[in-house]
Amino acid sequence: MMPLHDKMVRIIPRSFAMPQRSARGFTLIELMITVAIIGILAAVAYPAYTNQIAKGRRAECRSGLMQALQQQERYFTQYNAYVAFGAASSAVIRKFSGDTAAASACFEFSAEACGSGIGNCVLMEARMRSPDPANITHLSLDSNGGKACKISNGSRVTGNNDCCP
């Protein structure tokens, strides 16, 4: 003889029975949690990425300024004076930081006298091509070893780690 509960189960039609869950796919909540985690990671990673890109551009700009300042020193050894120039002049000194002017991080290099005249000191300045997260618009070096930058409001900042670490 068959137990009673086996008979009851057989009485219930298959259409009313609990469906068996298949092991395929993801639930909506699993997908939403995954998207939320990716969003949090992106919110943390994107600012760090943009800061690293800006640091790379500033490093390229400083390198270009150093090359231009070395050219100034070579000019000084030959003519016993530095050469002053603006962004639009045709001086023999480098005027951009990268391989080409169009692809460089800094452009519009200029040189002017610092201190007591162009024969004693030169200040090299370059304009940043793209906006910087630290609001740096210009980087500068002088022949005495001074380093500075200008921020977006036009004030000159020295001793800032963002400008010249």
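Is E125 buried or exposed? Keep that in mind while you load up the model, which is a predicted one; the tour gets to E125 by way of the strands around K150.

**Stop 1: β3 and β4**

Select residues 136-142 for strand β3 and 147-151 for strand β4. The two pair in the antiparallel sense, with 5 bridges between them. To get your bearings, pick L139 and look across to C149 in β4, which stands opposite. Now follow the chain around the corner: β3 and β4 make a hairpin, with 4 residues between the strands. Click on G145 in that turn and check its backbone, where phi is positive at about 95°.

**Stop 2: on to β5**

Stay on β4 and add residues 156-158, which are strand β5. These two strands run antiparallel and are joined by 3 bridges. Highlight K150 here, since its bridge partner in β5 is R156. This is a hairpin as well, with 4 residues between β4 and β5. The glycine to select in this turn is G154, with a positive phi of about 95°.

**Stop 3: K150 and E125**

Switch on side chains for K150 and E125. They meet in a salt bridge, 3.6 Å from N to O. K150 sits in strand β4 and E125 in strand β2, so the contact ties together parts that are 25 residues apart in sequence. Back to the opening question: E125 is buried, because its relative accessible area is 13% and the cut-off for buried is under 20%. K150, at 23%, is partly exposed.

**Stop 4: R127 and E108**

Stay in strand β2 and select R127, then E108 in strand β1 (residues 106-113); they are 19 residues apart. This pair is a salt bridge too, with the closest N and O atoms 3.1 Å apart. Turn on a surface and look at both ends: R127 is partly exposed at 32% relative accessibility, and E108 is partly exposed at 34%.

**Stop 5: D132 and R58**

Last selection: D132 and R58. Their side chains form a salt bridge at 2.8 Å, N to O. D132 is in the loop between β2 (122-128) and β3, while R58 belongs to helix α2 (residues 28-79), so zoom out to follow the 74 residues that separate them. How accessible is R58? Its relative accessible area is 6%, which makes it buried. D132 counts as buried as well, at 8%.

That finishes the salt bridges: a search of the whole structure finds 3.

Key
Residues are numbered from 1 along each chain as its sequence is written. This is a predicted model: local features need pLDDT of at least 70, side-chain atom pairs count only at pLDDT 80 or more; totals for chains, interfaces and linings use all residues. Side-chain values use heavy atoms; hydrogens and water are left out. Two strands pair if DSSP finds at least two bridges between them. A salt bridge is a side-chain nitrogen of Lys or Arg within 4 Å of a carboxyl oxygen of Asp or Glu. Buried means under 20% relative accessible area, exposed over 50%, partly exposed in between (1.4 Å probe, protein chains only).
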